[in-house]
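Reader: Could you take me through the aromatic rings in this one? I'd like to know how they are arranged.

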Amino acid sequence: MSDSNVHEHLDAKHDRNREQRIEGIKRWVEYIESHPPETWGPQQNAVVNDQLEAAQSVQTSASHQQHVKDVAAEILDPSDESDDAS
């Protein structure tokens, strides 16, 4: 397989993966629109918690961990941005 074919194969694979992720998101939106938060909320929390546990089990640098904490803090407290803009 030439380099060109490898790149085309990877591009096609990335396109398929992207389409699958988008379809999964659409199914999730349909699900949360048709079920009460009491049903899907704990399910979503379980997924997020599992992702956090997986991320924590990976060895990362202290600077990367701090970056993630900083981004999370910005997401959780968007008022910081409006304070900066004034």
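Reader: So how many aromatic pairs does the count come to?
Author: This is a predicted model, and in it the count comes to two aromatic pairs. One of them joins W28 and Y31, whose rings are stacked, with 5.5 Å from centre to centre and 25 degrees between the planes.

Reader: And where do W28 and Y31 lie?
Author: Both belong to helix 1, which covers residues 3-34, and they are three residues apart, or about one turn of the helix.

Reader: What about the pair of W28 and W40, how is that one arranged?
Author: W28 and W40 pair edge-to-face, with their centres 6.4 Å apart and 85 degrees between the planes. Because W28 sits in helix 1 and W40 in helix 2 (residues 37-56), this pair ties together parts that are 12 residues apart in sequence.

Reader: Changing topic, is W40 buried or exposed?
Author: W40 counts as buried, because its relative accessible area is 18% and the cut-off for buried is under 20%.

Reader: And how accessible are W28 and Y31?
Author: W28 has a relative accessibility of 32% and therefore counts as partly exposed, while Y31, at 25%, is also classed as partly exposed.

Reader: Which residues do the ring pairs link into a cluster, then?
Author: The cluster linked by ring pairs is made up of W28, Y31 and W40, with W28 taking part in the stacked pair with Y31 and in the edge-to-face pair with W40.

How values were computed. Residues are numbered from 1 along each chain as its sequence is written. This is a predicted model: local features need pLDDT of at least 70, side-chain atom pairs count only at pLDDT 80 or more; totals for chains, interfaces and linings use all residues. Side-chain values use heavy atoms; hydrogens and water are left out. Rings of Phe, Tyr and Trp (its six-membered ring) pair if their centres lie within 6.5 Å; planes under 30 degrees apart count as stacked, over 60 as edge-to-face and the rest as tilted. Helices (H or I, at least four residues) and strands (E, at least two) are DSSP runs, numbered from the N terminus. Buried means under 20% relative accessible area, exposed over 50%, partly exposed in between (1.4 Å probe, protein chains only).
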